Amino acid sequence: MSWEWFWAPEYGPARFVFQHLLAATYALAFVNVLAQFRPLLGEHGLTPVPRFLRNVPFRKAPSLFQLHYSDRFLLVVGWCGLLLSLTAFLGIADALPVWGSMAVWFVLWAMYLSIVNIGQLWYAFGWESLLLETGFLAIFLGPAHTSPPEPVIWLLCWLLFRVEFGAGLIKVRGDPAWRDLTAMYYHHETQPMPGPLSRRFHRTSRVLHKVEVLANHFTQLIVPFGLFLPQPVASIAAAIMIVTQGWLLLSGNFAWLNLITITLACAALDTTLLRWVPVETLTPPALLPEQDAATPLWHRATVLALTALVLVLSYWPVRNMLGRGQVMNRSFNKIHLGNTYGAFGSITRTRYEVVLEGMGEHDSEWREYEFRGKPGDVARRPPQIAPYHLRLDWLMWFVAISPSYGRGWLERLVIAMLRDDRRILRLLRHVPFREAPPRYVRVRLFEYRFSTAGEHRESGVWWVRTPITELIPPVSADDVRTQG
């Protein structure tokens, strides 16, 4: 039996770029775990994992932590994930035989799956499932001393198609602002976490805003079909997606969504656009086994089994895309394969922000807690956070839309402020009480808008805000003193 059809040596450079970007994304994700998991989900976090594990069996949340959870064990897994990611990024996995390379990528996927499945609402973002699905396909790509298997390249293109086309469909089916081309009148100002250039994007002309929407529709509803056409059309389609994702990265902070989408798009590039990638010189020859384009028969069999599995699992996302009740960012199984994706099926017209304030024993005014990424201080320019992910800041945006999103954990955040719990408060940029914790804490809702050019010149403010209501009236330390 001839296997020539199985190999795609022209995608060697694409695999090199793809694997290195994916390894970098994994590293970023595990750094995020080490920095934020314990205050959000640890034994003393806002939504403690031990309590979650007592109520959720393995079949509903398969995870290594179902066997044992402790904050110390979480750190061990996080550090192992980070070190293994760096191993893959440095190309050391390419020094291994096929089974060894596959083992590296499998362990990365399994560890991150274990974290996401116990991550509750803090890990319920589409880019978590996208990283897992991309990471699972990467297991089967093989190391640098083999030719990339063409079925896996096609599966990566199919995943990218679902990401882009699904996102395009949910927009035109959802909010009429996407159909009348006015969505960008609001989006740059009301998106979850604006970046340093978002105000400039918002203040451009409405004509350019309509061009942005048209370009989005073109990129997400038409260009994805080019991925399945002969080269160089597929490479051109992927390049358009990469440019679009770069534009989104400049205009806002969407964690690693843009980075992982760019990573997928790179897998569709053959040597037409990637002939400049010096794969042979970037992978130390001394580390590589004897060059052999073919992989063992068992590897080829697993790739074909993977292809069959993905085709079966694709039934659910395809049904979702074609159905009238399309939903965004849903996993149809507990291992996050064959997911549906999408974003901003509805556009908020007005920006609301949740602001937490404290008052000390001898204070006459309220003092504001400052978050790392989300808008707060009107004089502070929105920072560039992406491709990093600030989970608490993102959830605060949802609370501003509907306070029900903060049910349970927002009250515990207030209690942490009253108790000066630094294990949790280290997630914040600025805690205004250094000597002693506040006597009272309250939670308020404000309407925010970007300042005009005149307002910015006059006072230097980036935002103008108006108080709306109190979400949680002043709570005293005495009110929580008797709580555990």
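## A charge over a ring, and the model itself

Arg 391 lies over the face of Tyr 123, at 3.6 Å from the ring centre, where a charge is said to sit over a ring if NZ of Lys or CZ of Arg is within 6 Å of the ring centre and within 35 degrees of the ring normal. A further case is found at Tyr 185, whose ring has the charged end of Arg 206 over it, 4.0 Å from the centre.

The structure is a predicted model, in which local features need pLDDT of at least 70 and side-chain atom pairs count only at pLDDT 80 or more, while totals for chains, interfaces and linings use all residues. Residues are numbered from 1 along each chain as its sequence is written, and side-chain values use heavy atoms, with hydrogens and water left out.

## Helix 17

Arg 391 also belongs to the buried residues of helix 17, a helix that runs over residues 391-401; helices (H or I, at least four residues) and strands (E, at least two) are DSSP runs, numbered from the N terminus. Of the 11 residues of helix 17, 9 are buried, so this helix is largely enclosed by the rest of the structure. Here buried means under 20% relative accessible area, exposed means over 50%, and partly exposed lies in between (1.4 Å probe, protein chains only). Among the buried residues of helix 17 are Trp 394, Trp 397, Leu 392 and Asp 393.

## Aromatic pairs

A search of the whole structure finds 33 aromatic pairs. Rings of Phe, Tyr and Trp (its six-membered ring) pair if their centres lie within 6.5 Å, and planes under 30 degrees apart count as stacked, over 60 as edge-to-face and the rest as tilted. Phe 65 and Phe 73 form an edge-to-face pair, with 5.4 Å from centre to centre and 70° between the planes. Phe 65 is buried, at 1% relative accessibility, whereas Phe 73 is partly exposed, at 24%.

Both residues take part in a cluster in which ring pairs link Tyr 26, Phe 30, Phe 37, Phe 65, Tyr 69, Phe 73, Tyr 112 and Tyr 123. Tyr 123 is thus the ring in this cluster that has Arg 391 over its face.

## Helix 1 and its partners

The axes of helix 1 (residues 12-41) and helix 3 (residues 71-89) come within 8 Å and cross at roughly 160°. That angle makes the two helices roughly antiparallel; axes are lines fitted to C-alpha atoms, for helices over the stretch in contact, and angles run from 0 to 180 degrees between N-to-C directions. Angles under 35 degrees count as roughly parallel, over 145 as roughly antiparallel, 65 to 115 as roughly perpendicular and the rest as oblique. Helix 1 passes helix 3 in a left-handed crossing, which is one where the near helix is turned anticlockwise from the far one by less than a right angle, a clockwise turn being right-handed. The residues of helix 1 that meet helix 3 include His 20, Tyr 26, Phe 30 and Phe 37, and those on the side of helix 3 include Leu 74, Trp 79 and Phe 89, contact meaning heavy atoms within 4.5 Å.

Helix 1 also packs against helix 5 (residues 126-138), at an angle of about 135° and with the axes 11 Å apart, and the two are therefore oblique to each other. This crossing is left-handed as well. Phe 18, Leu 22, Thr 25, Tyr 26 and Ala 29 in helix 1 meet Leu 131, Thr 134, Gly 135 and Ala 138 in helix 5. His 20, a residue of helix 1, is buried with a relative accessible area of 15%, and, leaving aside its neighbours within four places in sequence, His 20 is in contact with Phe 89 and Gly 91.

## Backbone features in the loops

Two cis peptide bonds can be described. One joins Gln 231 and Pro 232, with omega about 10°, and Pro 232 has its place in the loop between helix 10 and helix 11 (233-251). Another joins Ala 386 and Pro 387, also with omega about 10°, and Pro 387 is found in the loop between strand 2 (367-368) and helix 17.

Ala 255, in the loop between helix 11 and helix 12 (257-266), has a phi near 50°, a positive value in a residue other than glycine, and is buried at 1% relative accessibility. Asn 329 likewise has a phi near 50°; this residue lies in the loop between helix 16 (315-322) and strand 1 (351-359) and is partly exposed, with a relative accessible area of 38%.
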